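Trainee: Hi, have you got a few minutes to go through a model with me? I'd like to start with a side chain and work outwards.
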Amino acid sequence: MLVKQLFKWVLSFFKKDSKVLKLKLVSELPKEPIEHVLYLEGNVKEDDYWYALLKCPCGCGDNIMLNLMADSRPCWDVVFKKETFSIYPSIWRKKNCCSHFWLKKGKIIWS
């Protein structure tokens, strides 16, 4: 696993075009998310979101679901700034591909 992570990290320096994620605000998450799209499920009218869903950006094909509700752990925050978004803290998968990345200003920043 360590060799795989090291290889991904080295490759990330050669990627010239960082993909920008599109944001979709939905009242219900799709069963199969589209690559390069971050879905936020919740009450769109009140800007109250419960979950985030995206395909793992490493290409492994796994779905990543993030809890956005502060009353249960772990949880993440979505910050909207102008026309972009960021998610805090970083996303670190402990199983399968073990990807570790940030979503800042709509872009994936590999750790």
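Mentor: Happy to. Let's begin with Arg 93, which is buried, because its relative accessibility is 13% and the cut-off for buried is under 20%. Keep in mind that this is a predicted model.

Trainee: Which residue forms a salt bridge with Arg 93?
Mentor: That would be Asp 62, and the closest N and O atoms of the pair are 3.1 Å apart. The two residues sit in distant parts of the chain, 31 residues apart. Asp 62 belongs to the loop between β3 and β4, while Arg 93 belongs to the loop between β6 and β7.

Trainee: And is Asp 62 buried or partly exposed?
Mentor: Asp 62 is partly exposed, at a relative accessible area of 23%.

Trainee: How many salt bridges does a search of the whole structure find?
Mentor: The search gives 2. Besides the pair we just discussed, Lys 55 and Glu 32 meet through their side chains, with 2.4 Å from N to O. That pair also links distant parts of the chain, as Lys 55 is in strand β3 and Glu 32 is in the loop between β1 and β2, 23 residues away. Lys 55 counts as buried, with 16% relative accessibility.

Trainee: Switching to strands: why is β2 largely enclosed by the rest of the structure?
Mentor: Strand β2 covers residues 37-43, and 6 of its 7 residues are buried, so the rest of the structure largely encloses it.

Trainee: Which strands does β2 pair with, then?
Mentor: Strand β1, residues 22-26, runs parallel to β2 and is joined to it by 5 bridges. Within that pairing, Lys 24 has Tyr 39 as its bridge partner. Strand β3, residues 48-55, pairs with β2 in the antiparallel sense, over 5 bridges. There, Asn 43 stands opposite Asp 48.

Trainee: What's in the hairpin of β2 and β3?
Mentor: There are 4 residues between the strands, and Asp 47 takes a positive phi near 50°. Worth a look if you're checking backbone torsions.

Trainee: Next topic. What's the strand order in the open sheet?
Mentor: The order is β5-β6-β7-β8, with antiparallel pairing of the 4 strands. β5 (77-81) and β8 (107-110) are the edge strands; each has a single partner strand, so one side of each has no neighbour in the sheet. On average, neighbouring strands here are turned by 25° against each other, direction ignored.

Trainee: And how many bridges join β6 to β7?
Mentor: There are 3, between β6 (residues 84-92) and β7 (residues 100-104). In this pairing Trp 92 stands opposite His 100.

Trainee: Let's look at the surface. Which residues form the nonpolar patch?
Mentor: Leu 23, Leu 25, Val 44 and Phe 80 form it, with about 300 Å² of accessible area together. Phe 80 lies in strand β5 and is partly exposed, with a relative accessible area of 43%.

Trainee: One last residue: is Asn 67 buried or exposed?
Mentor: Asn 67 is buried, at 11% relative accessible area, and it is found in strand β4.

Trainee: What does the side chain of Asn 67 reach?
Mentor: The Asn 67 side chain reaches the backbone oxygen of Pro 74, at 3.1 Å.

Terms used:
Residues numbered from 1 in each chain as written. Predicted model: local features only at pLDDT ≥ 70, side-chain atom pairs only at ≥ 80, totals over all residues. Heavy atoms only, no water. Buried < 20%, exposed > 50% of the residue type's maximum accessible area, 1.4 Å probe, protein only. Pairing = 2+ DSSP bridges. Axes fitted to C-alpha atoms, helices over the stretch in contact; angles between N-to-C directions. Salt bridge = Lys/Arg side-chain N within 4 Å of Asp/Glu carboxyl O. Patch = residues over 30% accessible without salt bridge, like charges linked within 9 Å, V, L, I, M, F, W, Y side chains within 5 Å. Areas by Shrake-Rupley, 256 points an atom, 1.4 Å probe, with all protein chains shown as cover. Polar contact = N/O pair within 3.5 Å; in protein donor to acceptor, adjacent residues only side chain to side chain.
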